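Got your viewer open? Here's a short tour, one selection at a time.

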Amino acid sequence: MRRSLAIQRRVIHALIMREVITRYGREGLGVLWFLLEPALFTLVVTIIWYYYRLQTVTTFPVIAFSLTGFSLLQLWRNGANRAATALEPNQGLITHRNVKLLDVFMARVFLEWAGATGAFLLLSMAMTVAGVIAPPEDLGYVLVGWLLIAWFSLGLGLVVGALSAIFSVFEKIWRPMSYPLFLLSGVFFMVDWLPVSLREFILWVPMVHGNEMVRHGFFGSIVTTYENPSYLLVVNLVVTFIGLSLAKYAQRENSGQR
Amino acid sequence: MIQLSGVHKWYDTRHGRHHVLNGVDLCVRPGEKVGILGRNGAGKSTLIRLLSGVEKPNVGSVERSMNISWPLALSGGFQGSLSGLDNLKFICRVYGADYRDKIGPVEDFAELGKFFREPIKNYSSGMRSRLAFAISLVIEFDCYLIDEILSVGDARFRDRCREEIFVKRKERAIILVSHNVATVKQNCKRVLNIQNGRLIEYEDKETALRSYMESC
């Protein structure tokens with residue numbers, strides 16, 4: 001068991017290094033693009049939001065709202081998007097007995113973690129220093145929300161990666177599927193803004209709890225939030241379990257053992 | 001040692017089940033040079049992939065107590081958009097070797113020149129096999145699984161491979177599958193034929209070679 005964990009660590013490290021080179025190469029900014037790509041996305045959307053919302057002049061901190069929402073979106077979604085297309089380019093490498101599909105999915109999700117987290121840190125620090133946003137009221141709570149969504153993204157990445165490996169058509173339907181999830185995830189709203197009758201439905205969506213937590217941590221008492229961290233924790237456990245089982249099934253399927 | 005016992009392997013296709021191996025037994029001891037001859041589609045590559053552990057048998061078992069290479073074949077083992085050097089680094093990391101002192105030997109053996117730093121997808125099949133061989137030699141396995149790639153190399157490459165494996169690494173085992181009689185004849189002491197999903201062993205090498213040539 002101990003030996004196989006050491007092997008898995010080695011394999012994931014090798015896969016991450018391999019991904020870094022094939023995605024952005026060694027030229028120019030190279031590996032920094034992992035962080036700059038999500039950072040630019042969040043920044044551009046935030047600027048658009050800022051100018052759009054400014055007309056409706058509000059006391060609500062629009063920039064921090066957009067920053068948290070789009071950073072979290074990339075944290076939960078990018079890993080799954082990358083895991084969906086993981087099999088084909090790595091098929092040749094799976095010829096090495098110790099390289100498992102699970103490792104391929106994990107390597108991709110870990111890289112997206114690093115990118116989304118780095119981008120969030122970079123933007124929130126830069127914006128705080130520039131005085132564009134107020135610093136978070138409760139940094140610890142922001143961190144817990146962020147970590148729970150990171151965990152969720154791993155579980156989701158395993159599920160989406162494994163389903164795409166088992167049914168190649170899933171890779172194609174995942175993207176259109178992810179758009180309604182994106183709208184429902186809480187990027188655009190706080191639960192408090194919704195009619196009471198809608199709230200209990202939207203709180204079934206796990207990502208909403210992460211958004212509520214991170215924003216609660218950021219804005220503190222000026223907002224009312226409805227998160228339930230234990231719900232997100234339970235969802236994470238269940239999704240991770242399903243993801244690991246599906247990855248194991250996909251591995252057997254890929255090695256022709258049914 | 002590698003021990004295959006009662007191995008069956010099939011694939012489900014749209015037109016029903018396709019049986020590739022129907023009860024295969026094989027035991028390979030350290031240092032043995034085993035050649036397996038079979039026609040196209042006889043199940044040679046499947047057998048090699050089962051031996052390596054990339055694929056699992058549907059029925060039966062494969063036991064390995066040797067450190068076995070990945071299948072050295074024309075496809076697989078590499079990532080096409082990475083350079084030869086980056087693939088070397090990847091494989092070293094996966095097998096827990098330090099790549100820094102391996103770059104020189106691999107460059108020398110593979111003789112790829114500037115292509116060593118070009119993406120593998122631009123390689124010819126000869127270049128690919130030289131690289132696969134060079135990398136597997138620096139990792140040092142107890143048993144090498146060779147799927148045809150000796151046949152695509154030129155005479156000079158084959159001579160250098162023979163020197164490395166059969167002279168310098170006498171104690172290592174080799175399992176070589178091929179449809180080419182000459183390759184197997186030159187390199188292997190023990191020869192088996194694969195036919196109709198079964199492995200057939202003969203009383204000696206000559207009989208095996210003759211029987212294979214007659215069946216073609």
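Start by picking B:Leu37, and across from it you'll find B:Ser178 in strand β7 of chain B. Keep in mind as you look around that this is a predicted model.

**Along β7**

Now widen the selection to β7(B), residues 173–178. Is this strand enclosed or open? Six of its six residues are buried, so β7(B) is largely enclosed by the rest of the structure. Colour the two faces separately: B:Ala173, B:Ile175 and B:Val177 point one way, B:Ile174, B:Leu176 and B:Ser178 the other, and every one of them is buried. That back-and-forth is what you'd look for, as side chains in a regular strand alternate between the two faces of the sheet.

Show the backbone hydrogen bonding next. On one flank, strand β3 (residues 33–37) of chain B runs parallel to β7(B), joined to it by five bridges. Strand β6 (residues 143–147) of chain B is also parallel to β7(B), again with five bridges.

**Over to β6**

Select β6(B) and check the pairs that tie it to β7(B). B:Cys143 has B:Ala173 as its bridge partner, and B:Tyr144 sits opposite B:Ile174. How many residues of β6(B) are buried? Five of five, so to speak: the strand is mostly covered. On one face you have B:Cys143, B:Leu145 and B:Asp147, on the other B:Tyr144 and B:Ile146, and both faces are covered.

Step outward from here to strand β5 (residues 68–72) of chain B, which is parallel to β6(B) and joined to it by three bridges. For a landmark, click B:Pro71, which stands opposite B:Leu145 in β6(B).

**The other way, to β8**

Go back to β3(B) and move to strand β8 (residues 190–195) of chain B: four bridges link the two, and they run parallel. B:Gly35 is the one to click here, with B:Val191 of β8(B) opposite. Then bring up helix α8 (residues 205–215) of chain B, which lies across β3 and β8 at about 30° to β8(B).

**The whole sheet**

Time to zoom out. Which order do the strands follow? In chain B it reads β5-β6-β7-β3-β8-β9, six strands in an open sheet with mixed pairing. β5 and β9 (198–201) are at the edges with a single partner strand each, so each has one side without a neighbour in the sheet. Turn the view along the sheet to see the twist: ignoring direction, neighbouring strands are turned by 20° against each other on average.

**Where chain A comes in**

Display both chains. The contact involves 19 residues of chain A and 21 of chain B. For the chain A side, select helix α1 (residues 2–24), which gives the largest share with eight residues. Coloured by class, that side of chain A shows seven nonpolar, nine polar and three charged residues.

Stay in chain A and select helices α5 (residues 101–129) and α10 (residues 229–254), which pack at about 130° with axes 8 Å apart. That angle makes α5(A) oblique to α10(A). Show side chains for A:Leu101, A:Leu102 and A:Phe105 on α5(A), and A:Ala247, A:Ala250, A:Gln251 and A:Asn254 on α10(A), which make the contact. Five of these residues are nonpolar, two polar and none charged.

**Last stop: confidence**

Colour chain B by pLDDT. Its mean is 91, with 100% of residues at 70 or more. Within chain B, helix α2 (residues 84–94) is highest at 95, while helix α5 (residues 149–152) is lowest at a mean of 79. The model as a whole scores ipTM 0.88 and pTM 0.92.

Technical notes:
Residues numbered from 1 in each chain as written. Chains lettered and ligands numbered in written order. Predicted model: local features only at pLDDT ≥ 70, side-chain atom pairs only at ≥ 80, totals over all residues. Axes fitted to C-alpha atoms, helices over the stretch in contact; angles between N-to-C directions. Parallel < 35°, antiparallel > 145°, perpendicular 65-115°, else oblique. Contact = placed C-beta atoms within 7 Å. Nonpolar A, V, L, I, M, F, W, Y, C, P; charged D, E, K, R; others polar. pLDDT = per-residue confidence, 0-100. Buried ≥ 20, exposed ≤ 12 C-beta atoms within 10 Å, placed from the backbone. Pairing = 2+ DSSP bridges.
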